[in-house]
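Reader: I have a structure open and would like to learn how to read it. Please take me through some features, one at a time.

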Amino acid sequence: MPFHRLTPAMRDLLQRIRRANRTPMHLMDAADARRHYDASAEILDLPRAPLARVEDLHIPVAPGVARAARLYAASTEAGLPVLLYLHGGGFTVGSLETHDSLCRQIALHSGAAVVALDYRLAPEHRFPTAVEDAWAGLQWLAGPGAAALGLDGARLAIAGDSAGGTLAAVVAILARDAGLKLALQALITPGTTAHADTASHAVYAEGFLLEKAGIDWFFDQYIDRAQRSDWRFAPLEAEDLEGVAPAWIGLAECDPLVDEGVAYGDRLRLAGVAVDLEIWRGVTHDFIKMGRAIPEARRAQQALGEAARAALAPC
């Protein structure tokens, strides 16, 4: 196994996680997995940064359905640009609380108002519900939502990590198809393939935090096997990517998903889309949420924020 590729800090962290000997999510039911993730997700995150504006709200996503959301901004200034954030968690776990620290850091570094959406999760809400919620959230912000919040819905970006990165990529395509202009799609360690069959899935199948058994479990919770070639699950399957928003893609070297992240960046470039792609060496999936222990996390948060700041700057 290529453990020699890990940074010393990442290797030490994985050893500590192994010594803790916690039950893996794929041996839990979804409710227990969520409780486990909610309790542990911010342990390695930076402390929650104080911000000038943190506001809980609800966003309509379907007739009679509104989902919790949270706005983060480092300033109370009116007319800030908006970045919709979609959390990771394999479409099954994760919440506003698990990604609160990360969203605060993005707001600090970008100068934008970050709106995190608590989209509906599997298995109670299987594919394509998460896609539909994410797309509805973006449409609401581009329509009445941003103005109601005192923000500039004409300067709009989308971002997400892991499964949230998948959703962000998919929503960027939907936005292109609807004629809704996005300044940026920021994809952090996204999943983009249908069947988890790239070389990196084999190389990093065990021992690198996100493991094959966990990926299989997440997929089974979320989507039927017969649906997995749908581009709304696997954006690499999209027929045409021309005209989608410019992309910032942040990947981890020692991640089963790294090859598909690179492949998606290549597809975007071939379609004429501007792509800024960086691979952080020696770290694993979910590294961006490990700011207390992994310096690469802090650098990646800053890089994402700076990319969003530049993309969302007034014309």
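Reader: Which residue follows α3, and is its phi positive or negative?

Author: Keep in mind from the start that this is a predicted model. The residue after α3 is Gly111, and its phi is positive, near 75°. A comparable case comes after α8, where Gly272 has a positive phi near 85°.

Reader: How many residues of α3 are buried?

Author: Buried here means under 20% relative accessible area. In α3, 9 of the 11 residues are buried, so the helix is largely enclosed by the rest of the structure. Among them are Asp100, Arg104 and Gln105, along with Leu102 and Ile106. The cover over the buried residues of α3 includes the strands β1, β2, β3, β4 and β5 and the helix α9.

Reader: Take one residue of that helix. What does Gln105 touch beyond its neighbours in sequence?

Author: Gln105 lies in α3 and is buried, with a relative accessible area of 10%. Leaving aside neighbours within four places in sequence, Gln105 is in contact with Leu46, Pro47, Ala49 and Gln301.

Reader: Which strands make a β-α-β unit with α3, and what is its handedness?

Author: The unit consists of β3, α3 and β4, and it is right-handed. The two strands run parallel and are joined by 5 bridges.

Reader: Which other strand is joined to β3, and by how many bridges?

Author: That strand is β5, which runs parallel to β3 and is joined to it by 7 bridges. You can follow a single residue across: Leu84 has Ile158 as its bridge partner in β5 and Val115 as its bridge partner in β4.

Reader: How should I picture the side chains of a strand, and how many residues of β3 are buried?

Author: In a regular strand the side chains alternate between the two faces of the sheet. As for β3, 7 of its 7 residues are buried, so the strand is largely enclosed by the rest of the structure.

Reader: Now a helix as a ruler. What span should α8 have, and how far apart are its end C-alpha atoms?

Author: The rule is 1.5 Å a residue, by which the 13 residues of α8 should span 18 Å. Its end C-alpha atoms are 19 Å apart, which agrees.

Reader: Which residues of α8 are buried, and what do they pack against?

Author: The buried residues are Val258, Glu260, Gly261, Tyr264, Gly265 and Leu268. They pack against the helices α5 and α6 and the strands β6, β7 and β8.

Reader: How is a pair of aromatic rings described, and how many aromatic pairs are there?

Author: Two values describe a pair: the distance of the centres and the angle of the planes. The count here comes to 10 aromatic pairs. One of them is Phe91 with Tyr222, which is stacked, at 3.8 Å centre to centre and 5° between the planes. Phe91 lies in the loop between β3 and α3 and Tyr222 in α7, so the pair ties together parts that are 131 residues apart in sequence. Both residues are buried.

Reader: What kind of pair do Phe91 and Phe233 form?

Author: Phe91 and Phe233 form a tilted pair, 6.3 Å centre to centre and with 45° between the planes. This pair too links distant parts of the chain, with Phe233 in the loop between α7 and β7, 142 residues from Phe91. Phe233 is buried, as is Phe91. Together with Phe127, Phe219 and Tyr222, these two form one aromatic cluster.

Reader: Which charged residue lies over the face of Phe3?

Author: Arg18 does, at 5.9 Å from the ring centre.

Reader: Last, positions far apart in sequence. How far from Leu312 is the C-alpha atom of Leu184?

Author: Their C-alpha atoms are separated by 7.9 Å, though the residues are 128 apart along the chain. Leu184 is in strand β6 and counts as buried, at 5% relative accessibility. Its contacts, neighbours within four places aside, include Ile158, Trp248 and Ala311.

Reader: And where does Thr189 lie?

Author: Thr189 is in the loop between β6 and α6, and at 3% relative accessibility it counts as buried. Its C-alpha atom is 9.1 Å from that of Ile288, 99 residues apart along the chain. Not counting residues up to four places away, Thr189 touches several others, including Ser162, Asp255 and His285.

How values were computed. Residues are numbered from 1 along each chain as its sequence is written. This is a predicted model: local features need pLDDT of at least 70, side-chain atom pairs count only at pLDDT 80 or more; totals for chains, interfaces and linings use all residues. Side-chain values use heavy atoms; hydrogens and water are left out. Buried means under 20% relative accessible area, exposed over 50%, partly exposed in between (1.4 Å probe, protein chains only). Helices (H or I, at least four residues) and strands (E, at least two) are DSSP runs, numbered from the N terminus. Two strands pair if DSSP finds at least two bridges between them. A crossover is right-handed if, with the strands pointing away from the viewer, the path from the first strand over the helix to the second runs clockwise. The expected span of a helix is 1.5 Å times one less than its number of residues. Contact means heavy atoms within 4.5 Å. Rings of Phe, Tyr and Trp (its six-membered ring) pair if their centres lie within 6.5 Å; planes under 30 degrees apart count as stacked, over 60 as edge-to-face and the rest as tilted. A charge sits over a ring if NZ of Lys or CZ of Arg is within 6 Å of the ring centre and within 35 degrees of the ring normal.
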